[in-house]
Amino acid sequence: MQPKRVLILDDDGAQAPRFKDMFKRFQHGYDYEVIAAGTASETFAALTQGPPDLVIVEPELGTFDSLDILTKLRRHDQKIPIIAASKSKNRAVVEAFFQLGLFAFIPKPLDFVPLEHIVAMACTGANL
């Protein structure tokens, strides 16, 4: 089975190893290739390697505008599931992401069990 490509957009460098560790422990039939990007240039470099099967994004990044990047991604592909993972309580930011077709919003700190369930649904095309 082809591994699922997961693009993590988060400018906190400590998040990428945590996500990679979590995805290795998921037990729902997929292997994952986790690609982390903390800048706009890293994001575009990752996208040139092929489209992701899933995007997990921190909506409020200090290093680049994740909403702008995902808006551009949506112009090319409406089907990629996007999960926002954030500590933010800024309703306007979260609503802007939902207007892009956000699959789910998960509060940080991340809880492994719900994250695994939501990722499994996103990668199989299930609805919440």
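A pocket, in the sense used here, is an open set of grid points with protein on both sides within 12 Å along at least five of seven lines. Keep that in mind as we walk through this structure, which is a predicted model.

Let's start with the sheet. Five strands make up an open sheet, and if you step across it you meet them in the order β2-β1-β3-β4-β5, with parallel pairing. At the edges stand β2 (32-37) and β5 (104-107); each has a single partner strand, so one side of each is left without a neighbour in the sheet. On average, neighbouring strands here are turned by 20° against each other, direction ignored. What holds strands together in general? Strands of a sheet pair through backbone hydrogen bonds, in either a parallel or an antiparallel way.

For a closer look, pick out β1 (residues 4-9) and β3 (residues 54-57), which pair in the parallel sense over four bridges. Find Val6 and look across to β3: the residue standing opposite is Leu54.

Now let's hunt for rings. Searching the whole structure turns up six aromatic pairs. One of them joins Phe19 and Phe23, a tilted pair with 6.4 Å from centre to centre and 45° between the planes. Where do these two sit? Both Phe19 and Phe23 belong to helix α1 (residues 15-25), and they are four residues apart, about one turn of the helix. Phe23 also pairs with Phe26: their ring centres are 4.8 Å apart and their planes are at 50°, so this pair is tilted too.

Are these rings buried or exposed? Phe19 and Phe23 are both buried. Buried means under 20% relative accessible area, so Phe23 qualifies with 4%, and Phe26 does as well with 6%. Zoom out a little and you'll see that ring pairs link Phe19, Phe23, Phe26, Tyr30, Tyr32 and Phe112 into a cluster.

Next stop, the loop between β5 and α5 (112-124), where you'll find Pro109. Check the peptide bond from Lys108 to Pro109: this bond is cis, with omega near 0°.

Lys108 and Pro109 also bring us back to pockets, as both help line the largest pocket. That pocket has a volume of about 180 Å³. Other residues in its lining include Asp10, Asp11, Asp12, Gln15, Arg18 and Glu58. How many residues of each class line the largest pocket? Sorted by class, the lining has seven charged residues, three nonpolar and one polar.

Key:
Residues numbered from 1 in each chain as written. Predicted model: local features only at pLDDT ≥ 70, side-chain atom pairs only at ≥ 80, totals over all residues. Heavy atoms only, no water. 1 Å grid on protein atoms, 1.4 Å probe; cavity = no way out; pocket = protein on both sides within 12 Å on 5 of 7 lines; lining within 4 Å. Points joined across faces, edges and corners; volume = space filled by probe spheres on them. Nonpolar A, V, L, I, M, F, W, Y, C, P; charged D, E, K, R; others polar. Pairing = 2+ DSSP bridges. Helix = DSSP H or I, 4+ residues; strand = E, 2+ residues; numbered from the N terminus. Axes fitted to C-alpha atoms, helices over the stretch in contact; angles between N-to-C directions. Phe/Tyr/Trp six-rings, centres within 6.5 Å; stacked < 30°, edge-to-face > 60°. Buried < 20%, exposed > 50% of the residue type's maximum accessible area, 1.4 Å probe, protein only.
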